[in-house]
Amino acid sequence: MNLPPVPPELPEPPLPSPAAGPSDAPLPGAPSPGAPLPDAPPSGAPSPDSVSPDSVSSDSASPGGPAPADSGGARPRVRPPRRRILVVGAGVAGLTVAEELRRRGYDGELTLVGDEPHVPYDRPPLTKRFLAGGLPEERLHLTSSAALAAADIAWTPGRRAVAADAGARTVTLDDGRVLPYTDLVVATGVAPRPLPGTAGVPHVCTVRTLDDARALAGRLTPGHRLVVAGAGFLGCEAAWTALSLGCAVTLIGREREVLPVLGARVGAAVGDRLRAAGAEVRTGRRVAAVREAGPGDGLTVTLDDGAAVAAGTLLVAVGSAPDTAWLAGTGPDLSDGVRCDAGGRAAPGIHAAGDVAAWYHPGRGRHRRLEHRMSAAEQGRAVAAALLDAGEHPASVPFFWTDQGPHKLTVYGLPGPGARFEPDTGTVGDDRFAGRYREHGRTTAVLAWNAPREALRLRRELTDESARSGPRAGDAPAEAGAASPDSAPAGAR
Ligand SMILES: Cc1cc2nc3c(=O)[nH]c(=O)nc-3n(C[C@H](O)[C@H](O)[C@H](O)COP(=O)(O)OP(=O)(O)OC[C@H]3O[C@@H](n4cnc5c(N)ncnc54)[C@H](O)[C@@H]3O)c2cc1C
């Protein structure tokens, strides 16, 4: 099959900097008031303006010399506490916050804590070129330890935040260290949802981290039998890559078509291509049981229709969820990630960005999380600006892309489960087509298949009301995820 060359503006990672967006990155829009937040800090929490033991000096002790004496004797003078910004989560969102703070001239303390041992890296290639062996590990890196040191960012790898105290403004790490902060940024991403009954079962894996991808890549040898539970973006991408490596692939999805987020027509087109490439695609099915077939024999995966599928490896890709237990009691609503206003503020002294953050979307009048690479960087930039009172809120059109084998799909906006795809250029099933998602008479998103320039053209049609706010009907990421754990919720990976 001859595909037209993909124009270079498709933002194929790795990107030069996590702060970089696509070349057509939209300009930020007008500031929005966002959702209401509690006015008062949690009891006992110092505000940046409050008096603290190390923020009070007498005039005589002040390095700036005595203040004019308008009354007799030394009078305490209030000095803001030394600013300490603590970013937890060293993925693209957390790194972008830190780098953007420095870029904007912030010269206070800045700490970046991440539980992975690696320098911050990009995840999208983990199911694509990196998994296929076509991208060296260094190309995933978004920075280097030398660059972090040069920017005076105190990077603390391999350490997990396990508790936070909003009153004392401290975060406790898993080695017992207690880090004080004046501002906390939560950028901890999401973790894969487990498949019930598979805990501790050998040959069962997920793909979220570099270590996951390394382990999976080591298994994908020609002839290996890979069963993928979950036909969302990650499951389908991994299936394509495994096929390209000569594996025997079975893909299991609960919905009628794969990639249900993109609607039945586009999903069916992807399913057809996967089948044509050699995958066995079982849609409308669930995994009912997983057991070891015998020593050295891999697994038997039993589906809800009783079919038994032999697997050397079972890749579980049934969605992901934020882990915010360590933030319990700090103030923000943690029912689905960290609920924030339209600028990423979650509570006094706490902001959040990236996959973990459920920002308020003014046009839609509700909060939602986005699990998109570009949104994570964009929110990171916005949080840095908010911390420095620059007050810019991103108002760009949500954007994501996915590589389905040789096919590059580009999406602007949020399709939503009720939206109907209407082709504009070509037709579904062609090697190249583009069109709109329509719902209640509005265009809610546009999609291009091997046609990124068409996506850019159609994106211009998305208005504030539709694209920036997304669909109203059925627009419920948490609920969608619960109802359909095989697939990413609308807008999610
Ligand atoms: C395999 C894969 C492929 C993808 N492909 C695409 C794609 O094609 N297009 C697209 O738009 N998006 C894609 N995405 C989604 C995109 O990568 C994410 O949206 C993006 O990585 C989110 O960045 P983040 O910084 O919010 O979270 P993350 O990148 O997950 O970073 C969060 C970091 O915080 C760490 N952490 C978690 N809890 C703690 C704690 N308590 N203490 C300290 N550290 C903690 C995590 O281990 C992690 O290192 C893909 C994701 C994956 C996994």
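In the predicted model, an oxygen atom of the ligand lies 3.0 Å from a polar backbone atom of Trp-401, a polar contact being a pair of N or O atoms within 3.5 Å. An oxygen atom of the ligand is likewise found 3.1 Å from a polar backbone atom of Arg-373, and one is 3.2 Å from a polar backbone atom of Val-92. Taken alone, the ligand exposes 1,000 Å², of which the protein buries 96%, with accessible areas computed by the Shrake-Rupley method with a 1.4 Å probe.

The ligand is surrounded by 34 residues (each with a heavy atom within 4 Å of it), and the closest are Asp-115, Glu-116, Arg-123, Lys-128 and Arg-208. By class, this shell holds 14 nonpolar, eight polar and twelve charged residues, where Asp, Glu, Lys and Arg count as charged and Gly is among the polar residues. At least three residues of the shell come from each of domain 1 (84-192 + 321-387) and domain 2 (207-318), whose bounds come from an automatic or database domain assignment.

Residues are numbered from 1 along each chain as its sequence is written. In this predicted model, local features need pLDDT of at least 70 and side-chain atom pairs count only at pLDDT 80 or more, while totals for chains, interfaces and linings use all residues, and side-chain values use heavy atoms, with hydrogens and water left out.

Technical notes: A polar contact is a pair of N or O atoms within 3.5 Å; within protein, one must be able to donate a hydrogen and the other to accept it, and residues adjacent in sequence count only if both atoms are side-chain atoms.
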